[in-house]
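Trainee: I'd like a close look at one sheet, and then at how its surroundings fit together. Could you take me through it at an easy pace?

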Amino acid sequence: MALRFEHEFTVPVPVEQAWPVLLDVKRVAPCLPGAALESVDGDDFTGTIKMKVGPITVSYHGSARFEKVDPETRTLTIKASGKEVRGQGTASAEVTARLLGEDGRTTVRVESSFNITGRPAQFSRGVLADVGGKLIDRFATNLAALLAQEEQRAQEGAQGAPATEEGPARAEETPAPGGSPAQGGAEAAARPPAPGAVRPAAAEAAPRPQEEALDLLELAGGPMLRRLAPVAAGVIAIILLVLGLRGLRRR
Amino acid sequence: MIPASFGYFRPASVDEAVATLSEAGEDAKVLAGGQSLLPLLRLRLAFPAALVDVGRIPELRGIEDRGDHLYIGATTTHHEVMNSPLVKEHCPLLAQATATVADPAVRHRGTFGGSLAHADPAGDLPSVALALGAELVLRSPSGERAVPASGFFVDYLETAMEPAEILVGVRVPKLGPGWGFHYEKFQRTAQAWATVGVAAAVRRSNGTIEEARIGLTNMGPTPVRAAAAEEALRGVEIGDDAALRAAADRADEGTEPPADLHAQPDYRRHLARVLTRRAVLAAAHRA
């Protein structure tokens with residue numbers, strides 16, 4: 001079953017800043033709760049993602065790659081494919097993200113199309129769109145926090161002075177930033193940004209987003225899964241794949 | 001298929017259950033009647049690392065009359081609830097709705113608390129709990145708390161319960177004289193889930209509807225109250241067909257009915273309106 005979806009979100013950071021971050025899989029992967037990056041090799045990466053809808057959980061494992069990256073139009077395309085860790089379902093996805101900047105903010109338009117086999121294929125389009133939307137919302141929130149923190153760090157670096165406050169509601173946990181001026185701190189703290197850096201709004205993803213399973217139901221308005229049909233699991237997993245940040249490796 | 005392997009614990013008391021759950025971690029699930037959870041395991045949709053079976057804990061079972069409300073233990077089975085003289089007398093809506101749940105086999109094992117904790121919006125009991133204004137009593141390592149039904153159902157299959165919390169009982173208020181109840185359920189086959197269901201509680205004074213409480217089954221990711229319809233029903237004469245219809249037509253306002261194999265959203269909206277009218281009328285006549 002092939003499905004296409006469109007989603008859109010905005011981050012409060014100029015597009016010139018948002019663009020390189022979006023290309024940096026290592027920095028962006030933690031923004032997706034439940035996702036764990038395994039390896040990055042140039043444009044190729046692999047990993048897993050775990051999602052939860054109430055008691056239902058699904059994990060996917062596979063690989064993805066940046067098929068196309070156009071810095072002029074700030075468009076990137078990721079192709080991903082993978083397999084359920086505990087099932088026979090498979091999924092493949094193609095995600096295209098377009099960045100548009102306006103007034104120091106960036107709007108990201110995501111178009112995704114994907115194919116699911118196995119139980120998830122029973123899910124209705126509405127459920128998939130719902131789940132995907134939530135996922136992207138969550139991702140957007142975390143990404144915004146990440147970008148804002150990056151910006152803060154860049155500013156600190158420019159001033160060459162340690163900043164003790166990281167701005168509103170952030171950075172209780174992240175060790176270095178306050179103390180180490182300039183580049184060093186920015187580098188080190190950039191990598192596992194989520195824990196302290198993530199804003200309360202995204203606090204659910206805060207602890208270790210890589211390990212924390214995405215609990216979609218925490219977000220308002222869940223998808224309709226009739227009857228505990230296998231659908232739910234696969235669909236959700238698919239959505240995650242769609243974001244293409246998972247590495248899906250063929251077994 | 002058979003479930004993936006899991007650890008199994010059978011605590012003898014609520015405190016032990018809470019402790020076991022808390023130790024077992026996030027991947028543990030509480031097992032009551034298993035009528036919702038075990039299918040998930042068998043379909044290999046859920047993979048809890050451990051099941052904490054609370055089915056043999058005596059204090060979780062039973063129905064008590066506590067004055068202004070009934071206290072129903074979480075592991076009281078559907079069969080016990082629907083046949084309880086207390087429930088039939090003081091909360092007939094609950095008895096009637098429970099009798100429509102699945103089939104006798106399921107009703108003999110499935111539990112009231114389990115059904116609420118599972119929080120499937122297509123289940124009959126969550127919307128009834130919502131309509132009646134029930135309160136859910138939860139226990140965790142840090143103590144006990146009560147959450148009203150209106151705040152309990154957070155999302156599809158998701159509740160306000162913390163990871164190490166157990167639902168121990170439900171307080172179902174007795175609405176008192178003047179109230180009539182009816183649960184109207186539309187389903188394609190006898191033991192199927194409701195395509196849409198309406199739980200109606202109506203307070204009537206002479207020939208006028210003073211107040212209505214309407215819970216909708218399967219009209220969203222959680223059970224919902226038909227708030228607009230409830231408001232529109234105030235002061236409506238039971239004999240005033242046009243006004244009743246107009247009010248019932250507002251039943252689907254604010255809802256996001258799902259699309260699935262059984263129905264599309266527009267059909268569900270239609271069902272909600274029609275069933276609300278029928279349920280309200282039936283409830284009003286019983287008041």
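Trainee: To set the scene, how many helices and strands does chain A have? Then the part I'm after: in what order do the strands of the open five-stranded sheet of chain B run?

Mentor: Happy to. This is a predicted model, in which local features need pLDDT of at least 70 and side-chain atom pairs count only at pLDDT 80 or more, while totals for chains, interfaces and linings use all residues. Residues are numbered from 1 along each chain as its sequence is written, with chains lettered from A and ligands numbered from 1 in the order in which they are written.

Chain A has six helices and eight strands; these are DSSP runs numbered from the N terminus, helices being H or I of at least four residues and strands E of at least two. Starting at the N terminus, its elements follow the pattern β-α-α-β-β-β-β-β-β-α-α-α-β-α. Of its 251 residues, 51% are buried, meaning that 20 or more other C-beta atoms (placed from the backbone) lie within 10 Å of a residue's own; 12 or fewer counts as exposed, and in between as partly exposed.

Now to your sheet. The strand order in chain B is S4-S5-S10-S6-S7, with antiparallel pairing; two strands pair if DSSP finds at least two bridges between them. Strands S4 (63-65) and S7 (143-148) of chain B stand at the edges with a single partner strand each, so one side of each has no neighbour in the sheet. On average, neighbouring strands here are turned by 25 degrees against each other, direction ignored; axes are lines fitted to C-alpha atoms, for helices over the stretch in contact, and angles between N-to-C directions run from 0 to 180 degrees.

Inside the sheet, S6 (residues 135-140) and S10 (residues 166-173) of chain B pair in the antiparallel sense over five bridges. Leu136(B) stands opposite Val170(B) of S10(B). Helix H1 (residues 14-24) of chain B packs on the sheet, touching S6 and S10 of chain B, and its direction makes about 125 degrees with that of S10(B). Contact here means C-beta atoms, placed from the backbone, within 7 Å. In the loop between S6 and S7 of chain B lies Ser142(B), which counts as exposed because it has 11 C-beta neighbours inside 10 Å.

Stepping back, chain B is divided into domain 1 (60-173) and domain 2 (179-286), with bounds from an automatic or database domain assignment. Their C-alpha centres lie 21 Å apart, and 20 residues of domain 1 of chain B are in contact with 20 residues of domain 2 of chain B. On the domain 1 side, H5 (92-98), H8 (124-132) and S8 (153-155) of chain B each supply at least two residues, and H8(B) gives the most, with seven residues.

Finally, the largest nonpolar core has 92 residues, and Leu93(B), Ala200(B) and Val280(B) have the most contacts inside it. Such a core is a set of buried Ala, Val, Leu, Ile, Met, Phe, Trp, Tyr and Cys residues joined through C-beta atoms within 7 Å. Its largest share, eight residues, comes from helix H12 (residues 265-286) of chain B. Domain 1 and domain 2 of chain B each contribute at least three residues to this core. Apart from it lies another core of 38 residues, including Val11(A) and Ile49(A).

Conventions
Two residues are in contact if their C-beta atoms, placed from the backbone, lie within 7 Å.
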